[in-house]
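Hi,

Here is the structure I promised to pass along. Please open it next to this email, and my notes follow just below.

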Amino acid sequence: MDKEFARSKCEKIPLENEISISTHIKWRIKLVFLSFLAFVIYGSLVPLQFNGLSFSDALQLFLLLDKSDLALTSTNRSDWFTNFLLMMPPLYTAMLLKSERPLGINSLMYAIATVCLLITVSFLIEFSQLFIKQRISSYRDVYTQSFGMILALVLFYATRRKAHGLLVKLSSKSQLDKWEVYGISLLGILLIYNMMPFDLTLSFTELFKKWASGKISLVPFYNKAVTPLNLILNSIVDTVIWVIISFCFIKSHKYSAPRLLSILLGAAFFMEVAQLSVLSRYSDSTDIVTALLGILIALKLFSAHEQKANVFTTNRILTHVVIILLYYLTLLFFYTYPIELTTKSALSVKWDDFFTVPFLVYWQDAPFNAVTQLLRKILLFIPFGILTQSLIGEIDKKQHKASISPIAPKAKSLKLFIISTVILMIFSLELMQLPIVGKVSSSSDLVLNIIGLIIGRMVFRFHSKSAELKPKEQTGSKQVAQRKNWLIGYFICTCSSFIFCLTTLSLEATPYNIKELFNQYPTIISAFLVSTFITTLIFYPVWFAKKCKARTKLEFKYLVKNVVLLALLVTIISVIIFPNEALHDIVGYPKFSPVPHWLEISYRLFWLVIPFIFLYLYQSSKRLVSGVVDWEFNLNLKLSCLFLFLILPYSFMVVVIQAGTDNLTELLANNGNSVGIISIIIYVYLMLFLSSNYSRLYHRALSLYPVAYAFIIVLSAPLSYWLIQFALVDYILKYDTLFTPLQFLFSPNRESLYSVARTKYIFYGMHYSAFVLFAVCFATQRHYFGEKGQHIID
């Protein structure tokens, strides 16, 4: 018996008495719930091509929809079951947060509130689909999703104890429990996948037709409906899947070889029998044989490896590199086979399609094929992430040996090189498919691949034993880890912003004055530069807060100095990445000939952005350093005086009086010479204040703070609309057309202006979207600042 297994036996008694789930695991459950919900909402709104339907007309159409359409027919069977299962994962995941509660009043109240929330989301999705081309709204989808949620509740209460036990094991410090959870989770995912697309039947007539069409094969490795090459490839993939599942159970050290063989082989047999009722799926005895082969391979390889820990240890770094290269070459072969090059015109079309609306290609495909491809893109790169993190772990071990190993001085550069190389490998896999006939490559697949890579790294780090093996901290090791986390966070934020920019540019409803900001360079380069710019804005307050922590005090001069530095940084980057025409529309054309044009534009732009930079840096740093460092005496008073009596007046003089560009001042009441302009500042501060206090939604759950805060957020949209309307003129006569400022700002172009009523609701939607984005920004800052217990709710 190995040492880890013996240690788990010693820890078994306290583990059984543990009834709570760790906060870390609960946060992961919340993240999974939000991911499921985002997937459902976004997938229901693709292709994001909006029509010109007004809100009132859409409401009338929604009320006139057939409310009795619930029939299950042969034509809508797949769609019916897809909607039936759509809301089950979000509801089950949300219920896991309260898995320690038995069936009672509190548990039922929580369940009812969650179901009501998800049903509301379903109604909003169906209503929103009225505004989107190629989408059909139906009450049937809401009904079927509601039935699925009822079944999810029944399943949750039937499996509550088991699910809670698995979460407790996942919260445990024992690595053996976590491997068992991984194995059970993979079996569950495989079972659900084998039942898709849920066109189920129990009719003997339909089962006979399925057998007659060649979709049922009782002879292993013999199926006329499948080509020999596909049969070989499918057999290899199935074998690898069962090797991975078996590996997880072997690592748990809780199953003997005969018991594990009987359990997993029985599960494979059950899945194949259950697959008989799925009309569109092949039921093949080959799957049982490949499952047996995968289990035996895992028992042969990994059981011996666990007993003999010295296998492959002569040069583990070289071994990891070879395995990563072999895995990459294998993926490259499957991605590009058969190699048949396309024409230049077709390549140009495929390059343009590479940057279409994210996940549009999955929506255009059948539900089963879409889910298959989506899971494949993620799951194929989870081993890639595990191997990469394992290689980095080996380098860390060498680094701890310091002078003994020659690799230690170059460890940091080597790890950065490895991460960069792996990311380039992922990019190359997608780009290599572009010139191949019959291959589909898109930025969505690239995002899914990187998600799989990140999940793999997180899985390895989650169950890694590095915490037990690492020696005493060396000087500076904590700072190195923090810098590493900064790099990872910066990269994730940049990728997320990049996807957001591309999505925004691909929408027909995006205003032209937003799209023209990306005309300075090719779209990809502009989107990358803007995403890097946004990420820098997000992380600058974190850097500033860490500097304040090192100084142990937040000082007036130091804050003002960093406001000026950040405003200069924003100005310089804006002049570099945005077209001159767009900047001239905002701050006017240069007037002083002795001064270079770019210098005058920078001067005006600096005084335009500095009031907003001041509010942003003040509010973000206030949330980060409250309770961590001391504040200079009368700091708020000094900052208020500086802002009201120096920054705002001088900014007004430069932007409104000196520059006075038509495109800016004509939108404001009295050409900007009114107190209404103050309402814009109030609106910006209101947005920053509300979004930075997002923690009120989950703090003090037994008090009225979350309810009151949510109520204020709801009311903030009408209040903000009034503030903006107070600052703007009623109408503008331009281009021989009469329109409101919001019509000018929100409409996709001058030829197709939105109605006044529609712009109001668009403003509401953008207001709430901005609130969510700023809240995510502040949450990211708090996470990477890394302090606990310093955040005070005032």
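Let me start on the outside. Tyr 521, Ile 525, Val 564, Leu 565, Leu 568, Ile 572 and Ile 576 together make a nonpolar surface patch of about 570 Å². Helix H25 (residues 556-577) gives the largest share of this patch, five residues, and Ile 572 is placed in that helix.

Please keep in mind that this is a predicted model. Mean pLDDT for the chain is 76, with 80% of the residues at 70 or more. Confidence is highest in H25, at 90, and lowest in helix H2 (residues 12-17), at a mean of 37. Residues 1-18 have pLDDT below 50, and this stretch makes 15 contacts in the model beyond near neighbours in sequence. Residues 465-484 are also below 50, with 11 such contacts. Where pLDDT is low, the predicted coordinates should not be read in detail.

Now the overall picture. The chain has 794 residues, of which 43% count as buried, and it contains 33 helices and six strands. About 42300 Å² of the chain is exposed, and carbon and sulfur atoms supply 70% of that area. Of the contacts between residues at least 6 apart in sequence, 79% join residues at least 24 apart.

Back to H25 for a moment. Its 22 residues should span 32 Å at 1.5 Å a residue, and its end C-alpha atoms are indeed 32 Å apart, so the two values agree. While H25 supplies five residues to the patch, it also has buried residues, among them Tyr 558, Asn 562, Leu 566, Val 570, Ser 574 and Ile 577.

Helix H7 (residues 105-128) can be described in a similar way. It has 24 residues and reaches 34 Å from its first C-alpha to its last, close to the 34 Å expected. Its buried residues include Ser 107, Thr 114, Leu 118, Ser 122, Glu 126 and Phe 127.

Ser 122 leads on to another helix. Which residues does Gln 145 touch, leaving aside those up to four places away in sequence? They are Asn 83, Leu 86, Met 87 and Ser 122. Gln 145 is in helix H8 (residues 139-171). Gln 145 counts as buried because its relative accessible area is 4%, under the 20% cut-off.

Phe 785 is worth a look too. This residue is found in helix H33 (residues 756-785) and is buried, at 2% relative accessibility. Phe 785 and Pro 541 are 244 residues apart in sequence, but their C-alpha atoms are 9.1 Å apart in space.

Finally, the salt bridges: the count comes to two.

- Glu 555 and Arg 551 meet through their side chains, at 2.7 Å from N to O. Glu 555 is partly exposed, at 26% relative accessibility, and Arg 551 is partly exposed as well, at 41%.
- Glu 600 pairs with Arg 604, and their closest N and O atoms are 2.5 Å apart. Both residues lie in helix H27 (residues 597-625), four residues apart, which is about one turn of the helix. Glu 600 and Arg 604 are both buried, whereas Glu 555 is partly exposed.

Happy browsing, and best wishes!

Notes
Residues are numbered from 1 along each chain as its sequence is written. Side-chain values use heavy atoms; hydrogens and water are left out. The expected span of a helix is 1.5 Å times one less than its number of residues. Buried means under 20% relative accessible area, exposed over 50%, partly exposed in between (1.4 Å probe, protein chains only). Contact means heavy atoms within 4.5 Å. Patches are made of residues with over 30% relative accessible area and no salt bridge: like charges are joined within 9 Å, nonpolar side chains (Val, Leu, Ile, Met, Phe, Trp, Tyr) within 5 Å. Accessible areas come from the Shrake-Rupley method with a 1.4 Å probe; for residues, only the protein chains shown count as cover. A salt bridge is a side-chain nitrogen of Lys or Arg within 4 Å of a carboxyl oxygen of Asp or Glu. pLDDT is the predictor's confidence in each residue, from 0 to 100.
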